[in-house]
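Reader: I'd love a close look at one part of this model, with the cut-offs behind each term spelled out. Could you pick the central sheet and walk me through it strand by strand?

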Amino acid sequence: MKPKVDSNHSNQPQPWVHLFLRLLAASDLAAAVLLAGFPSFALRLAGIDSNGGSSLLMQCLGLLVGVFGTGYLIAARSPFRNWAVVLLGLFSRLLVGSATILAALGGYLQDLSGWVVAGIALLGAVPLTIMLWQSARFHQSFSERFTLPAPIRKIDPVGRMLSQRGASLTELSRHKPLLVVFLRHSGCTFCREAVADIAEVREQIEQMGTQIAIVHMGQKEPIQLMEQYGLTDLHSFRDPSCSLYDAFGLNLGSFGQLFGPNVLFHTVRAAFAGHRPGAVDGNVFRMPGVFLLNDGDVVRAYRHRSAADRPDYVELAQLSEWQQNDAESAEPTMNTAARGHGSATV
């Protein structure tokens with residue numbers, strides 16, 4: 001099976017990231033020269049009376065700004081790997097912006113220069129925050145590649161990856177329709193909620209002639225969670241490298257999909273329902289999904305629009321009338337899920 005290309009997995013920061021860090025480096029180094037070399041002039045620009053103590057303080061500030069400028073210059077070469085520099089830069093801009101606003105409100109700054117400095121500092125914090133978000137996504141995805149040794153040859157995870165009971169998704173779907181539920185990381189509130197929902201409707205789904213399989217990204221089987229809901233006998237696929245997630249087009253979620261207002265509201269609701277978060281085991285940025293496989297083909301697909309979605313598992317597990325007739329009359333084939341990948345949605 002040929003995995004779907006995931007643009008979210010790019011290992012290279014976007015060009016604007018490098019450019020912005022270089023611009024920050026240039027502006028901070030220029031400010032360092034001004035503050036350290038011409039402290040009296042800098043004080044006059046800020047509307048502060050110049051004296052020996054304030055000039056020395058301004059020179060010290062200039063040296064500190066120069067250190068940050070040098071750090072940005074180094075970080076621009078590999079922004080995601082040098083995320084700590086970006087984090088310190090974000091903190092410094094938030095502190096400078098807040099302190100300058102307080103000074104202006106307290107009457108210590110006599111003109112608009114303080115507000116200008118505060119505005120520049122706080123505006124600069126926005127792209128730095130975006131960089132940290134992208135860096136966190138990068139490091140989570142990067143760790144997937146070292147979870148398991150990379151195979152010498154490309155393999156079809158749908159046909160080759162085995163459950164804890166020794167069967168592949170393709171093999172299982174040839175016997176009867178297979179509802180494949182992809183979970184988020186095991187510490188996620190919504191992962192636990194999904195397992196509870198599956199347990200609630202399991203009997204109804206199996207009475208329809210559909211079996212259920214679980215795919216998770218943990219290093220270990222979530223035995224305790226499955227035991228809690230009586231699902232230990234289901235086929236469970238451990239996929240810490242997220243090969244199956246890639247194959248079914250389950251990519252990394254955006255900020256809104258993972259932390260939007262709707263997600264935060266439903267997190268509280270799920271927690272009050274008893275689905276409290278636990279230890280993180282897996283990529284916290286991966287999105288879940290649900291797929292119905294029949295004879296190796298994806299006939300229904302649900303890719304979550306947000307982490308808080310609660311799909312109708314019973315509806316997704318139901319083959320349409322023409323699909324049932326086709327399944328009864330068709331001879332077994334060597335189809336893979338790639339043939340029907342993403343072709344049917346609910």
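Author: Happy to; the walk below starts with the whole chain, goes on to the sheet and ends with the loops beside it.

This is a predicted model, in which local features need pLDDT of at least 70 and side-chain atom pairs count only at pLDDT 80 or more, while totals for chains, interfaces and linings use all residues. Residues are numbered from 1 along each chain as its sequence is written, and side-chain values use heavy atoms, with hydrogens and water left out.

The chain holds 14 helices and 5 strands (DSSP runs numbered from the N terminus: H or I of at least four residues for helices, E of at least two for strands). Of its 346 residues, 47% are buried (under 20% relative accessible area with a 1.4 Å probe, protein chains only; over 50% is exposed and in between is partly exposed). Contacts reach far along the chain: among those between residues at least 6 apart in sequence, 77% join residues at least 24 apart (a contact being heavy atoms within 4.5 Å).

Now to the sheet. It is open, built from 5 strands in the order β3-β2-β1-β4-β5, with mixed pairing (two strands pair if DSSP finds at least two bridges between them). Strands β3 (235-238) and β5 stand at the edges with a single partner strand each, so each has one side without a neighbour in the sheet. From one strand to the next, the twist averages 20 degrees (angles between N-to-C directions run from 0 to 180 degrees, with axes fitted to C-alpha atoms).

Strand β4, residues 289-294, deserves the longest stop. Its 6 residues out of 6 are buried, so the rest of the structure largely encloses β4. In a regular strand, side chains alternate between the two faces of the sheet. Both faces of β4 are covered, with Gly289, Phe291 and Leu293 buried on one side and Val290, Leu292 and Asn294 buried on the other.

What lies beside β4 in the sheet? Strand β1 (residues 178-182) pairs with β4 in the antiparallel sense over 5 bridges, and among the bridge partners are Phe182 and Gly289 of β4. Strand β5 (residues 297-303) also runs antiparallel to β4, and 6 bridges join them; here Val290 has Tyr302 in β5 as its bridge partner.

β4 and β5 form a hairpin with 2 residues between them. Asp295 sits in that loop, and its phi is near 55 degrees, a positive value in a residue other than glycine. Asp295 counts as buried, at 17% relative accessibility.

At the other end of the strand order, β2 (residues 211-216) and β3 pair in the parallel sense over 4 bridges. His216 stands opposite Arg238 in β3.

Two residues outside the strands round off the picture. Cys242 lies in the loop between β3 and α10 (243-247). It has a positive phi near 60 degrees, although it is not glycine, and it is buried, with a relative accessible area of 1%. Arg165, in the loop between α6 (157-160) and α7 (169-175), is in contact with Asp233, Leu234 and His235, leaving aside its neighbours within four places in sequence. Arg165 and Leu234 are 69 residues apart in sequence, yet their C-alpha atoms are 8.6 Å apart in space.
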